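This report covers one tyrosine site, the cysteines, the cavities and the aromatic pairs. The structure comes first.

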Amino acid sequence: MLDRYLPDKQRCAVMRGMLSFLSVNSTYRGPYTPGSAMCLAFAMATGGRRMLSKIEGGIGRLCDHVQQLLLDAGGEVRLHAKVEEITTANNRVTGVRLTTGETIEAPIVVSNLDPTMTFTKLLDTEVVPDEFRARVDRIAHQAPYLQIHFALNGLPEFVGDFALINEGVRRASVSFFSPPEEMQRDYEGCLRGEIPHDPSFGVQIPSVLDPELAPPGKHAASAFAMYLPIVGTQKEQNEAADEMTQRVIARVARFAPNFPDLIERKLVYPSYTFELMFGATGGDFCHGLLQPEYMGPFRPGPRGWLDRPIPVDGLFLSGTGCHGGPGVTFIPGYNAGHAVLSSFHA
C-alpha cells in the first residue's frame with residue numbers, strides 16, 4: 001500500500017515510517033508481511049477527524065466511571081478479587097471460585113478476559129470440547145513490544161531542526177520511526193531473538209496536557225517500542241528489555257540530549273509481565289492479534305463464533321478479544337450486555 005500511494009522513499013520517509021508503525025504495533029508482523037495493512041485500516045476507521053482520543057486523568061478514569069455506573073445501579077464491585085475457576089454443572093455455569101477459596105454463585109458469568117485465558121485456564125477441560133479448544137488454541141498472542149514508564153525531572157529539550165517540538169504541547173506525543181524496510185529487518189531479527197539496533201517507538205508525556213498526573217515540575221512519560229524478542233526464558237527477556245531500553249533512551253538523546261539526565265526512575269515491562277499483572281495471554285493487549293485471520297467473523301462474539309458457539313450455557317464474552325475489538329471501543333461489552341439480556345427472554 002505504501003509503495004503504491006507513497007512511492008518516494010525520500011520525500012515520503014516520515015509518512016512511510018509513521019504508517020508502517022501503525023500497521024504493526026498490534027501484530028507479530030513486519031510492514032512487508034502480507035496482511036499488515038489490516039491493523040492500519042482498523043486504527044484509521046474511527047469516525048470524525050481524530051484517530052485516537054485521550055482521557056483526562058488517564059484511562060483509569062474511564063474504568064472509575066463505569067464502576068460508578070454499576071454501583072449507582074445497585075451493583076457490587078470487588079477489586080483485586082482473582083477468579084481461579086468458572087464453576088459449572090450440567091454444561092451450565094454456576095458461578096466462580098476465587099483464589100481465596102470463596103465461591104460466588106451466579107446464573108450468568110461474563111468474562112472480559114481473552115478467550116484463551118477464559119477457556120483454557122478458568123474452565124474445567126471436560127466441559128470444553130476438543131473442536132472448540134482447537135479453535136481457541138489457534139488464536140495467536142505473540143506480542144513483541146516493550147513498555148517503559150519514566151518519572152522525569154523536567155521536560156526533554158529538543159535541539160537543532162527539532163527545536164520546534166518544544167513549542168506548546170507538542171512534547172505530549174513524539175514518535176521515533178524507522179523506514180518500513182528497517183522495521184521489516186527488525187521484525188525478522190526479532191524472530192531470531194535479536195534486539196533492534198535502533199528501535200521504533202512512540203513517547204507519550206501526558207502530564208504536558210494534564211499537569212495533575214505528576215508533582216509540580218515533574219513529568220510522567222512512557223514509551224511503547226517494537227520489536228522486543230519474545231524467545232527464551234523470562235530472565236533472558238528481561239535482559240533483552242533492559243538493553244532495548246538503553247537503545248530507546250539513546251535514540252531520544254540524539255534529538256533531546258538532556259533526556260537521560262531527566263530520568264529519576266524507570267519501570268521496564270516486557271510483554272509477558274502484562275499477562276502476570278492483567279491476565280492477558282502473552283501480554284497481548286489485543287486479546288488476539290490485529291491480523292486478518294483474527295478479525296471479522298474470525299473473532300468471537302458474546303457467545304463464541306457463529307460456527308462454534310460456547311459449549312456452556314450462561315457464559316458470555318465481553319472483552320476486546322471479541323468482534324468490535326481490539327481497542328477501547330465498548331462494542332464487545334455493548335454486544336455482551338444485549339446478549340445477556342436477551343438470554344433471560346430466550
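## Tyr187

In this predicted model, Tyr187 has a relative accessibility of 11%, below the 20% limit, and therefore counts as buried. Tyr187 belongs to helix H7, which covers residues 180-191.

Apart from neighbours within four places in sequence, the contacts of Tyr187 are Tyr28, Arg29, Gly30, Thr33 and Tyr227. Ser207 is 20 residues from Tyr187 in sequence, and their C-alpha atoms are 32 Å apart.

## Cysteines

The number of disulfides in the structure is zero. For Cys63, which is in no disulfide, the nearest cysteine sulfur belongs to Cys286, at 17 Å. Cys286 is likewise in no disulfide, and its nearest cysteine sulfur is that of Cys39, 6.9 Å away. Since a disulfide requires sulfur atoms within 2.5 Å, the 6.9 Å between Cys286 and Cys39 does not qualify.

With 3% relative accessibility, Cys286 counts as buried.

## Cavities

Rolling a probe the size of a water molecule over the atoms shows where empty space is left. Over the whole structure, three cavities of 30 Å³ or more are found. The volume of the largest cavity is about 60 Å³.

Cys286 is also one of the residues that line the largest cavity. The lining further includes Asn25, Ser26 and Thr27, then Ala143, Pro144 and Tyr145, as well as Met226. Gly283, Asp284, Phe285 and Leu289 line it too. By class, the lining consists of seven nonpolar, four polar and one charged residue.

## Aromatic pairs

There are 16 aromatic pairs in the structure. One of them joins Phe132 and Trp305: the ring centres are 5.7 Å apart and the planes meet at 65 degrees, so the pair is edge-to-face. This pair links distant parts of the chain, with Phe132 in helix H6 (residues 130-137) and Trp305 in strand S10 (residues 304-305), 173 residues apart. Phe132 is buried at a relative accessible area of 2%, and Trp305 is buried at 4% relative accessibility.

Phe162 and Phe255 also form an edge-to-face pair, because their ring centres are 4.9 Å apart and their planes lie at 85 degrees. Phe162 is in the loop between strands S5 (145-152) and S6 (173-176), and Phe255 is in helix H8 (residues 234-255), so the pair ties together parts 93 residues apart in sequence. Phe162 is partly exposed, with a relative accessible area of 39%; Phe255 is partly exposed as well, at 23%.

Ring pairs also link a cluster made up of Phe21, Tyr145, Phe177, Phe224, Tyr269, Phe274, Phe278 and Phe285. Tyr145 and Phe285 appear both in this cluster and in the lining of the largest cavity.

Technical notes:
Residues are numbered from 1 along each chain as its sequence is written. This is a predicted model: local features need pLDDT of at least 70, side-chain atom pairs count only at pLDDT 80 or more; totals for chains, interfaces and linings use all residues. Side-chain values use heavy atoms; hydrogens and water are left out. Helices (H or I, at least four residues) and strands (E, at least two) are DSSP runs, numbered from the N terminus. Buried means under 20% relative accessible area, exposed over 50%, partly exposed in between (1.4 Å probe, protein chains only). Contact means heavy atoms within 4.5 Å. On a 1 Å grid over the protein atoms alone, a cavity is a set of points where a 1.4 Å probe fits but cannot get out, and a pocket is an open set with protein on both sides within 12 Å along at least five of seven lines; lining residues have an atom within 4 Å of a point. Grid points are joined across faces, edges and corners, and a volume is the space filled by probe spheres set on the points. Ala, Val, Leu, Ile, Met, Phe, Trp, Tyr, Cys and Pro count as nonpolar, Asp, Glu, Lys and Arg as charged, and the others, Gly among them, as polar. Rings of Phe, Tyr and Trp (its six-membered ring) pair if their centres lie within 6.5 Å; planes under 30 degrees apart count as stacked, over 60 as edge-to-face and the rest as tilted.
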